[in-house]
Structure formats: C-alpha cells, structure tokens
Amino acid sequence: MASTVLSLAGQPDQAEALRSRTVAAYAATAGPTVILGLPFSVYLPPYIAEGGVISVALVGLLFSLTTIWDGVVDPLIGTMVDRVRTGLGAHRRWMLLALGPLALLLLALVTVGDRLPFAALFLMMVLFYSSYSLYEVAQLSWGSALVRNPRESALLYGMRDWFAKIALILAFAAPAAAQMLIPGVSLQGRIMAYASLFMLMVPIALYAIRLVPPRAVVVETSIGWRSELRASLAFPPLMLLLGVQFLNSFAFGSLTSLFVFFAAAVLDLDGQSAVLLFASFIGGAMTSPVWTMLARRFGKPPMMMAMGALISGLLVATLFQQPDGIAQATGFSLTLGTGFVGLLFTYSMLADIIPGDAARCGRPRSAFLFALLNLMQKFGVAAAIAVSYLLLDVVGFDPKNSQAAARELHLVFVLQPTISWVIMIVLLLLMRRALAREADPALAIAAVRQ
C-alpha cells in the first residue's frame, strides 16, 4: 500500500519554503480541469441534443448517469493515487497519464458527439469524467504535499482559485466572441471555440508541471479500511469540513440553478441573464486575491464565515430593495460573485488537517480525502438543483409565465442559499473549536491562526 508523503505539513523543518514560482506554476497546472468545469456542462447538453440522434430525455439521462458514475469513481481514484505508482513525482505521472485521454475525448465529443448513439456517448463520457477526476485529484493532493503551514496552504490554493476564476471568464467569453465575430456561427462552432481554450491550457499545464517540485508517494502500512473509517468518523475537523463543503456547494448550486429565472422574473432582465452571470465570475476573479490575503492574515474559518455572511446579507437586502435596471443588476452580480470563493477555503483547510488524519490512520490519505471533498461538492450542487426545482414546483412557478410567482421565486432564491450558509457558519464555529482541542501541534497552530 502506498500514500503521499506530506513531509511539508508534518515535518516543516525538513521542507523547503514555498516559492512564488512554485505557487504560480501550481496554479497553472489547474488550467485543463477548471476550463472543463461549469462551462462544459452548460454547452455540451444542448449541443448533443441539437444533433437529434438521441432524444432530449435521453440527454438528461446521459448526464445523470455520468454524474452518478463521477461520484462513485472519485473515492476510488483517490485511493488509487494514494496507493499505486509509487515513488518521486507520482502526482506528475498521474496527471500526465490523464491529460492525453482527456484531450482526445474532448476532441471527439465536440466534433462528432452530436452524431453518436447513446451507448457510445455514455462510454465516452465515463472515460472523459474518469480522466478529469484523475487529473484533478492528483493535482489537488500534490498541492497538500507542497505546503508546510496554514499560511502557505491559503496562498497556494488561493492562487489556484484566482487562476480558475480567470480561466472561467475566458471559457465563457470564447463562445460569445465567436458569436460576435462570426455571424450565424453554429452551436458546434461556439463549443469548439470554447474547447480551443482547453487546447491552449494543455501546453501551459505541461510546462507548469515541470516547474512544480515533485513529492514522493511511498509504501506504508495501513490500519485497514474499517479502522480508517472509524478513525475518520472520530476526527471532528474532517467530518465538519465535509459538511461545510456540502453546504457551501448547495448554496452555490442554488444560486446558479435559479439565477436565470431570477433575472427574468424578478429583475425583468431576461435578455441580459448571461451578462449578469458573467459579471459574477468577474467579481470572483477581482476579489479572490483579497480573500487569500485575508485568509492568511485572519485565518480560513473566520473568513469563510465572513464570505457566507456577506452573500447572505446581500441576498436578504434584495427582499427590501431589489436592483433596478441593468446598471444596478450588474453591480449586484459583481458583488455577489465576490463571495464565490468557497473552494479556496475548503481545499486549504483540508491540506491543514491532513497531517492529523494521517496520525490517526497510520498513513496520509491526501488524494482520497480530496476526492471525498470533491464528492461533497458534486453532491451539494446536485442536491441544490433537485431541491430548487422541487420548491419551484411547490410554489407554482411556471417559466412561461414567470411574473405570476415572481415573489415566491425571489424568496426561494434568497432563503435557500442563506439558510445553507447560516448552517455552514455554525459548522465552521464547531470546526474551529474542534481544531483547538486537537493534541497535534500542527492542528493547534492552525486553530490559532484560523
């Protein structure tokens, strides 16, 4: 059995300081997967449906099944990264192994995906998302092996988040630019413009991977999966962090799934919903470095609590004074986006508690734990979409006559994420107390700084 050696977190006296070049290179290695995140799920389903080979209902089933597969395979991939292909530079090898199939499968999907039958598409999507998860989990666990303390983890994952925000802006801008520059461009043309950014990110990532210092994966004795499960359940910081990730993702998923309806029914800006959503990503990119600095200075749980309180307060304020006109709505979206930085905090907090988990389980499980964190994120977003549409049905919201239940939609849009963030704040307070009670000196330091 093998696992990632987190000498930087557990033995700071033997680790080299985190250099600026390493931080920049590590952030750049995230390019391929952040480009294929949210925008891909926005553009791919209608592109496949437009082909007419499979029905719209089967398109929905296709993405539901691949989402379930993605959730099942994530922990398995994390375990594989922790235990297989040992030695120095193991994270790098896994990422390179995943990048080739990821690029080839993307090329196939955007060129012939709208002409393939259901079975072929399902197989391609399973392989695509498995390659995606392998690259991302290896990249995230590599980051935890580079940092020595909470300040470094905040910096490393903060810069990763900033790079991701910029990449998302480019990903959403590319299809719009193609539509403006090439009148009458097809949906396939727009998705190919988007996919071209991935091809640009690949050589950047390949170069950046060479600059990130390698960390070893070595064989260690395990206490067995049953004992590891008991140890995890008895480690409150880890359980609370998984809950925080789920709740933050649920809140974010609630906002994104309802935003188009909110823009049309409440703001009366149906034609500008894409612009407003784009503005929220610009807001996130503008403030991600600020949140990173604040997290390093004041700690991650307090700043994540501030983030949740900021967005919740902004949402509640719209119940009393909603944005009027495109200018105010754009300002609202920009401000709303300043709080879309939850992964900055959760990824770096997990890196901080990995040494404590390793002490309980007899081996570091960084890749497996990051896979679990990603799983909670996906479950949170999926649950938010399901609950949001259920509540819309309960209140009688009809997209074809959105004004009839605009007030009810507004209440769901505000209260559902706000309640989630309030519960998240409670879990963060409990997590801070749990960290302060830990005997592990590294965790005690993290609690003080957080």
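The questions and answers below concern a predicted model.

Q: How many of the residues of α11 are buried?
A: Helix α11 runs over residues 236–265 and has 30 residues. The helix is largely enclosed by the rest of the structure, because the number of its 30 residues that are buried is 23.

Q: On which residue is the kink in α11 centred?
A: From its first C-alpha to its last, α11 reaches 42 Å, close to the 44 Å expected at 1.5 Å a residue. The helix nevertheless has a kink of about 50°, and the residue at its centre is Phe259.

Q: Which element gives the most to the lining of the second largest cavity?
A: The structure holds three cavities of 30 Å³ or more, and about 40 Å³ of space lies in the second largest. Two or more residues of the lining of this second largest cavity come from each of α11 and α12. With three residues, the element that gives the most is α11.

Q: How many residues of the lining of the second largest cavity are charged?
A: The lining consists of Leu255, Thr256, Phe259, Leu277, Ser280, Leu336 and Phe340. By class, five of these are nonpolar and two polar, and the count of charged residues is zero, that is, no charged.

Q: Is Thr292 buried or exposed?
A: Thr292 is placed in helix α12, residues 273–298. Its relative accessibility is 2%, and the cut-off for buried is under 20%. Thr292 therefore counts as buried.

Q: What separates the C-alpha atoms of Thr292 and Met159?
A: Leaving aside neighbours within four places in sequence, Thr292 is in contact with Ala154, Leu155, Gly158, Met159 and Leu344. Met159 lies 133 residues from Thr292 along the chain, and their C-alpha atoms are separated by 7.6 Å.

Q: Leaving aside its neighbours within four places in sequence, with which residues is Thr33 in contact?
A: Thr33 sits in helix α3, residues 31–35. At 1% relative accessibility, Thr33 counts as buried. Beyond its neighbours within four places in sequence, its contacts are Tyr132, Tyr135 and Glu136.

Q: Which element supplies the largest share of the lining of the second largest pocket?
A: The second largest pocket holds about 260 Å³ of space. At least two lining residues come from each of α5, α10, α11 and α16. The largest share is five residues, from α10.

Q: How many residues of the lining of the second largest pocket are charged?
A: The pocket is lined by 15 residues, and those nearest its centre are Leu229, Ser232, Arg365, Phe368 and Leu372. By class, the lining has nine nonpolar and two polar residues, and the number of charged residues is four.

Notes:
Residues numbered from 1 in each chain as written. Predicted model: local features only at pLDDT ≥ 70, side-chain atom pairs only at ≥ 80, totals over all residues. Heavy atoms only, no water. Helix = DSSP H or I, 4+ residues; strand = E, 2+ residues; numbered from the N terminus. Buried < 20%, exposed > 50% of the residue type's maximum accessible area, 1.4 Å probe, protein only. Contact = heavy atoms within 4.5 Å. Expected span 1.5 Å × (residues − 1). Bend = angle between axes of the 7 residues up to and from the residue. 1 Å grid on protein atoms, 1.4 Å probe; cavity = no way out; pocket = protein on both sides within 12 Å on 5 of 7 lines; lining within 4 Å. Points joined across faces, edges and corners; volume = space filled by probe spheres on them. Nonpolar A, V, L, I, M, F, W, Y, C, P; charged D, E, K, R; others polar.
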